[in-house]
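Let's take a walk through a protein together, one neighbourhood at a time. Have a look at the picture, turn it around, and then read on.

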Amino acid sequence: MLTRGGEGKVVFGPAAIRNLYNMNRPLIIDAHLDLAMNALEWNRDLSRPLDEIRLREMHMTDKPDRGKGTVSLPELRKGRIGLVVATQLSRYTPPGSALAGWHSPQQAWAMTQGQLAWYREMEALGEMVQITDLAGLNAHLALWEDANVADDNKPIGYILSLEGADSFVDVSYLRRAYDYGLRAVGLSHFGPGRYAPGTKSRGPLTSLGLELLDEMARLKLILDVTHLTDEGFDQALAYYGGPVWASHCNVRKLVPTQRQLTDEQIRQLINRGAVIGGMLDCWAMDIRFIDTVSDPWQLDIRLERLVDHWDHICQLAGDSLHVAIGSDLDGIFGTEQAPWDLGSIANLQLYEGILSARGYSGEDISNIFHGNWIRFLQNAWS
Ligand SMILES: [Zn+2]
């Protein structure tokens, strides 16, 4: 239950976190969903049921994942995924680049402002609520703990994160973003970046990137190390003194691509008290999966495959305090590239049985479902 700490602060203590688990089905926190991108670039009205969104895309062929989405706000409620980290995501691509992206930082910024406007509209409908501080977090967790309110009537809480910082025209834009509630930043995404190079590229942070880290430290923002190069990862961790997480990353020992974390990187993150969100993109789960070619069903890639990644991190840590969920579902892929037994994000609840069959205790499952992200946020924001 909620207890009152000093200065009238509401504290969501360990006993209350356990209650989140003891309810019919545990609360889940998913630390990586590109909701606004889906709303605006995939034209998905996420306030509608998943079936309806899929139906409307039945004859669309403009993107490979049409009709194969797994995420909507009603579906999140169905799965008791009451809190998410939701992104703004908009890349700048310089002339000559083969990657998709905007041709100027100003256009990229404008895109993120459109995405913000969509989140605000969801707030106006009562579909979502933005979480920016400890008081808001505790109040939201208390609401999801309240069995007298039907889950269907609870808003999805979201913590706003920027995936790739290209859209900050200059470092001063971080302050503007902080003022509208941005609380986490990843410097890079794919390819070259204005602040840091990203996945599938090499090299250190740019001088703009270091400047941005200084400003992030001043505002106590969370640094998301996902999508950094190996050089960038080491440099960012050495340079940045604030809170660090890896919102959606798997294990390189199991899937040896630069996008996943090496054991040394995992150790560094554990030492920093970081939490690592496991992701459900088959390409990042199973070495056999080839993008746009393989079929999850033929390769029999199931939800349980992610437990191998979690296991590896738990072995390195010696506990279950550093793994959690950062699914990245509908992050430019749908069921064609997700475990075949998922179907909908609501089925993240299946992990309770899967983890339990793999020998995880109730406390471990509670850590993974919500406890680790809550503890991390409480530390970062206290
Ligand atoms: Zn990503």
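Which residues form one aromatic cluster? They are W109, F168, Y173 and Y180. Before we explore them, keep in mind that this is a predicted model. The predictor's confidence, called pLDDT, has a mean of 94 for the protein chain, and 94% of the residues reach 70 or more. Residues 1-10 are where to be careful: pLDDT stays under 50 there, and the model has 16 contacts for this stretch beyond four places in sequence.

Back to the rings. The count of aromatic pairs comes to eight. One of them joins W109 and Y173, whose rings meet edge-to-face, with 4.8 Å from centre to centre and 85 degrees between the planes. Try finding these two in the sequence: W109 belongs to helix α5 (residues 105-124) and Y173 to helix α7 (residues 173-179), so the pair links distant parts of the chain, 64 residues apart. Are the two rings' residues buried or exposed? W109 is buried because its relative accessible area is 11%, under the 20% cut-off. Y173 counts as buried too, at 16%.

W109 also leads us to another residue, S167, which touches it. S167 is found in the loop between β6 and α7. Setting aside residues up to four places away in sequence, S167 also touches S90, P105, A108, T112 and L162. With a relative accessible area of 1%, S167 is buried. The C-alpha atoms of S167 and L89 are separated by 8.4 Å, although these residues lie 78 residues apart along the chain.

Now let's visit the metal. Which protein donors does the zinc ion have? They are E163 (through OE), H227 (through NE2) and H248 (through NE2), lying 2.0 to 2.2 Å from the ion. Along the sequence, these donor residues follow the spacing E-x63-H-x20-H. E163 sits in strand β6 (residues 156-163), while H227 sits in the loop between β8 (222-224) and α9 (230-239), so this pair links parts of the chain 64 residues apart. E163 is buried, with a relative accessible area of 7%, and H227 is buried as well, at 5%.

Finally, look for places where a charge meets a ring. The charged end of K63 sits over the ring of W42, 4.2 Å from its centre. R183 lies over the face of Y178, at 4.0 Å from the ring centre.

Note on methods
Residues numbered from 1 in each chain as written. Predicted model: local features only at pLDDT ≥ 70, side-chain atom pairs only at ≥ 80, totals over all residues. Heavy atoms only, no water. Donors = N, O, S within 2.8 Å, 3.2 Å for Na, K, Ca; no water. Helix = DSSP H or I, 4+ residues; strand = E, 2+ residues; numbered from the N terminus. Buried < 20%, exposed > 50% of the residue type's maximum accessible area, 1.4 Å probe, protein only. pLDDT = per-residue confidence, 0-100. Contact = heavy atoms within 4.5 Å. Phe/Tyr/Trp six-rings, centres within 6.5 Å; stacked < 30°, edge-to-face > 60°. Lys NZ or Arg CZ within 6 Å of the ring centre and 35° of its normal.
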